[in-house]
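This report describes the surroundings of a bound ligand and the packing of a pair of helices. Please consult the sequence and the structure while reading.

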Amino acid sequence: MTKSEELFNKALNKMPGGVNSPVRAFNAVKKTPFFVEKAQGPYIYDVDGNKYIDYVCSWGPGILGHAHPKVIEAVKKICENGLTFGAPTEKELILAELIQKCVPSMQMMRLVSSGTEAVMSAVRVARGYTKREKIIKFIGCYHGHSDGLLMKAGSGVLTEAIPDSAGIPRDYSKFTLLANYNDENSVRQIMEKYGDDIACIVVEPVAANMGVVPPKPNFLKFLKDITKQYGSLLIFDEVITGFRLALGGAQEYYGITPDLSTFGKIVGGGMPLAVYGGRKDVMSCVAPVGAVYQAGTLSGNPVAVTAGIETLKILIENKEIYSEIDKKTEILENAFRKIGLQTHRVGSLLSAFFTDKPIINYDDVSTCDTNKFAKYFDYMLKNKIYVAPSQFEAMFVSFAHTDEIIEQTANIILNY
Ligand SMILES: *Cc1c(COP(=O)(O)O)cnc(C)c1O
């Protein structure tokens, strides 16, 4: 038995499925997970002495690769001043200023501790501001695990939602209406019927939690226009796309400005930190200025904020990072295409799909052959390449992946 297997067997008795987040259990690829010893640059090492090229990068935060020396040094230093104060610090202001410099629509913001919290809070603000109760989300988009956003399509009419988890009151689904990604008509139909009670449309500007599914040309513009028409707010959930597609996220990449945005993953530089914010008049609804309550004991934690600041500074000072990781990801995309797989790539977000059906929304993604994916995952892992253990996740390339590593990976793909 490997050390990972040993630890996993013990962990099964202490944590559900042996893990602290379900996808880590490798269930979708019918394997047991490796346990991590450490990670450095583009590599992740398990407790059995295996060294993998890492294309998960902690599910997105690792745009600079693991353990960037500047980030680690700053974090070590700040720790000596104390880990948490529950009182304001200058660092929070510095991070907020950096975020606004990169994403001008973030006129006012709040720092929180997870993407789940950020989106949950942004939706509450949208409801408080508009004094409306219903929201629209898209099937296949993930916005964290808060009750109102963990909804999937029912078997009846398209717009009917049902909880995507036990433990969520069925009645919550009355407030979450489901539309089809990339399908303007499905949004229009809901708006025609419920428009006056829709507080917001929340969307991943590039869907990246059903594999990578880019928005059709004009889809985001359409969402902007229709929310404006009905007096609703548009929320871009940029927890993955933020600081990844460009310094200004998907809103810069596509030139569409939402009313509110959420960020996570990269913005915390590998620490638990996320952000929501946007229009000043809307964010002025948040307590203690306004009537929308939202709080957090560890919000704006100095250690997490420091990791975020250092990461954003490196990205700001080295803008070529974006064009370089795009080029590297394109090389991997070409390798997948050469072996006959359908791919979607936006910048350094990439998915290869095991289906022939052209993918534009969740129904199409559902046609993927997950057994074929599991075989591919196994092959990659045997060749010491760690990709997400699920067909429905993105592949993340970091700045630490050298040309050589990319070439090596492309060759392994070509031999599949
Ligand atoms: C990861 C993710 C979230 C949830 O963030 P957590 O930090 O895991 O709570 C929300 N939205 C999107 C688009 C994500 O990818």
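## Residue classes and model

In the classes used here, Ala, Val, Leu, Ile, Met, Phe, Trp, Tyr, Cys and Pro count as nonpolar; Asp, Glu, Lys and Arg count as charged; and the others, Gly among them, count as polar. The structure is a predicted model.

## Ligand surroundings

The shell around the ligand comprises three nonpolar, six polar and three charged residues. The nonpolar residues around the ligand are Tyr 142, Val 239 and Ile 240, while Glu 204, Asp 237 and Lys 265 are the charged ones. The polar residues are Ser 114, Gly 115, Thr 116, His 143, Gly 144 and Asn 209.

## Polar contacts and coverage of the ligand

Two side chains approach oxygen atoms of the ligand: an N or O atom in the side chain of Thr 116 is 2.7 Å from one such atom, and an N or O atom in the side chain of Lys 265 is 2.6 Å from a ligand oxygen. Asp 237 places a polar side-chain atom 2.7 Å from a nitrogen atom of the ligand. On its own the ligand has 380 Å² of accessible area, of which the protein covers 82%.

## Packing of helices 5 and 6

Helix 5 spans residues 184–194 and helix 6 spans residues 219–230. Their axes come within 11 Å and cross at roughly 5°. Because angles under 35 degrees count as roughly parallel, helix 5 and helix 6 are roughly parallel to each other.

From helix 5, Glu 184, Val 187, Arg 188, Met 191 and Glu 192 take part in the contact. Their counterparts in helix 6 are Phe 219, Phe 222, Leu 223, Ile 226, Thr 227 and Tyr 230. By class, this contact has seven nonpolar, one polar and three charged residues.

Technical notes
Residues numbered from 1 in each chain as written. Predicted model: local features only at pLDDT ≥ 70, side-chain atom pairs only at ≥ 80, totals over all residues. Heavy atoms only, no water. Near = heavy atom within 4 Å. Polar contact = N/O pair within 3.5 Å; in protein donor to acceptor, adjacent residues only side chain to side chain. Areas by Shrake-Rupley, 256 points an atom, 1.4 Å probe, with all protein chains shown as cover. Axes fitted to C-alpha atoms, helices over the stretch in contact; angles between N-to-C directions. Helix = DSSP H or I, 4+ residues; strand = E, 2+ residues; numbered from the N terminus. Parallel < 35°, antiparallel > 145°, perpendicular 65-115°, else oblique. Contact = heavy atoms within 4.5 Å.
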